[in-house]
2 protein chains.
Amino acid sequence: MKNGKYSISDVAEMLGVSKSTVSRAINGNSGVGDELRKKVLDLVDEIGYKPNTIAQSLSRGRVNIVALILGDIRNPFYADLAFNIQRILNSHGYMVMVFNSEYDVQREIEFLKLTIQFNFAGLILITAQTEIVEDMLHSMDVPMVLVNRILPSYTGDSVLTDNFQAGYMAVMHLLELGHKHIGFVRGPGVSSASSQRFEGYRQALRNFSLPFNEEYVYESDLKMETGITLARNFVKDLKVRPSAMVVVNDMTAIGFIDGCRENGLSIPEDLSIVSFDDIEFSAMKGIELTTISQHVDKMSEHAARLMLKQLEEKDAKPERVILEPTLVIRKTTGPCKE
Amino acid sequence: MKNGKYSISDVAEMLGVSKSTVSRAINGNSGVGDELRKKVLDLVDEIGYKPNTIAQSLSRGRVNIVALILGDIRNPFYADLAFNIQRILNSHGYMVMVFNSEYDVQREIEFLKLTIQFNFAGLILITAQTEIVEDMLHSMDVPMVLVNRILPSYTGDSVLTDNFQAGYMAVMHLLELGHKHIGFVRGPGVSSASSQRFEGYRQALRNFSLPFNEEYVYESDLKMETGITLARNFVKDLKVRPSAMVVVNDMTAIGFIDGCRENGLSIPEDLSIVSFDDIEFSAMKGIELTTISQHVDKMSEHAARLMLKQLEEKDAKPERVILEPTLVIRKTTGPCKE
DNA sequence: TTGTAAGCGTTATCAG
DNA sequence: CTGATAACGCTTACAA
């Protein structure tokens, strides 16, 4: 017994039995007599012995930690996902380690390398980007779930919203309100979610012969602060402004709206805005975003379920779960007045 | 070499040297010739060998993970703290594992037990509560930093805002605006930050002979949703309402304001509100909280610094860092009209 | 400078 | 049903 903590050898010695017996007893494995098992368990309970997880991991060849890589935990959408996934996996005996890539490919690759070094039990990626990552992923033989982003050649488990449809829906809603000139704030190019929303938007524009204007397309790194900056440019640089904007995520939209109001634009009177995610804040008085829900609860449940499936069945078939987006109409969109 | 990964033995064998030599070389320890060291490093680099962190940890007796226990990662105040702390510790070679206690003592104790089992390198507690926890903490011989909460008998490293002063400041601000009847939404009783803010509030009331009314005191679990519920009761149950409220944190305040407006109260015309934290959202148009900043950046820097100090110096003296709160006046407080 | 070997705390294999 | 004993991959005295 070192450092105030008991080891399995201590327990074995105290009982005059072998380590194997103790190991079997505490792990609920067969091969120990009922009487002896009870004796072991009683002592373990009494002295408060806990097996050393590191040693277990080394022996078993993997650690019971699932790595979760996401862009930025400060974004409520990701925070919700992380929270829910963590809760579910915890309740099944797994730990979750959250990494913030800060939307940076280099950092993401670093974390992927860590996954190898640590022998993590599984890997959940909420922000998988570029071919480099894709190559690494292919060479990694570990349970893996992709959430909300898709990699072209990836065929494993994944759960995502139908982002094309989401983008399409956004435009349809604006169209019904009479808007014809509709701009778009996209996310980083490497985000498939963003690209697909953009595609849906383009398609809707085409289907209804609405004009597409390159000048009305902006790019955000998904942060609120960036939304504010973008809005300032939007207000100042454009001689003729669109009457509506589709914005890649709620955080950017909240910032964007803030920037617009700061510069004298009224929302939705002067400009209608639809975004995506439906984070908790978007329902608040004073915000009240019209947004397209990604159903973060379902998304996290599926992600956790798929991970557990891979963790617990050796050769489970890969699933691709596709969630339907839902339009939530609040107060940032209104009829077009022209 | 198993599972596509090289072990130190593989490297040693390929070079015809011993494992110890490889170990010394890659860890930058003395006792290897320059030439041989270079040979080792070159091969390691070429084949992309990475030491197995678990095996290292078992051997060294601790794993390079710092555990960070907080109430709820979905609260932006905590998310900011976690993000910053993680970033700093990562850059010094430590991993951070975030646990959501969900403000529940039982869960917190579970996580503490995990710290023992895992032999985590350090422990950062942003939500330390009750005597049970206190006892456990005392018996744990691991680098430890308490953030934003204080335990009576704890003498180790800690960083916190002067919450008493913060509570006092909140009242002073309202007093200057002419308010006399001031209520309070407190946090859970186990939160020392909340209790001290409450004490500061009480003291200010006493110092200026303002009336204290038990009916005007509510309790929140720090969540936005709860703020909404509280506000509904506040509006409906009270025949005579105070003209101002001090609310324990921004998230509750945002919900509270929402609930008030939903029930026809105007903020700040009918009711002034001051809260604490100054999360990013509080600056948004449509929210614009008057709030007391806890300087989350400084707070995280100190927390990380104190942890690193303990991690890297064997017998560093404990420090208690106390941050001055700052009042940020925005638009949820206004003059009292009576 | 380099190698040998013991140990870190478990689990798993194989005898008894 | 139970006990030795060998891994797991690395670090670290101690020898050479």
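This note walks through a predicted model with two protein chains and a DNA strand, point by point.

1. **Ground rules.** In this predicted model, local features need pLDDT of at least 70 and side-chain atom pairs count only at pLDDT 80 or more, while totals for chains, interfaces and linings use all residues. Residues are numbered from 1 along each chain as its sequence is written, chains are lettered from A and ligands numbered from 1 in the order in which they are written, and side-chain values use heavy atoms, with hydrogens and water left out.

2. **How the two chains meet.** Start with the protein partners: 54 residues of chain A are in contact with 54 residues of chain B (contact means heavy atoms within 4.5 Å). About 5,100 Å² is buried between the chains, and carbon and sulfur atoms give 64% of that area. Buried area here is the accessible area (1.4 Å probe) that two parts lose on being put together, summed over both. On the chain A side, A:Ile54, A:Phe83 and A:Phe281 lose the most area to chain B, together 14% of what that side buries.

3. **Who surrounds the DNA.** Around DNA strand D there are 27 residues, and A:Thr21, A:Gly31, A:Gly33, B:Ile8 and B:Tyr49 come nearest (near means that a heavy atom of the residue lies within 4 Å). Helices H2 (19-26) and H4 (53-60) of chain A, and H2 (19-26) and H4 (53-60) of chain B, each supply at least two residues of this surface. Helices (H or I, at least four residues) and strands (E, at least two) are DSSP runs, numbered from the N terminus.

4. **What the DNA shows to the protein.** Of the atoms of DNA strand D within 4 Å of the protein, 61% belong to sugar or phosphate and the rest to bases. Now look at single atoms: a backbone N or O atom of B:Ile8 lies 2.3 Å from a phosphate oxygen, and a polar side-chain atom of B:Ser23 lies 2.8 Å from a phosphate oxygen. With B:Lys19, a side-chain N or O atom is 2.8 Å from a base nitrogen.

5. **A sheet in chain B.** Six strands form an open sheet in the order E7-E6-E8-E9-E10-E12, with mixed pairing (two strands pair if DSSP finds at least two bridges between them). Its edge strands are E7 (217-219) and E12 (326-328), each pairing on one side only. At the E12 edge, E10 (residues 290-293) pairs with E12 in the antiparallel sense over three bridges, and B:Ile292 has B:Leu327 as its bridge partner.

Terms used
Polar contact = N/O pair within 3.5 Å; in protein donor to acceptor, adjacent residues only side chain to side chain.
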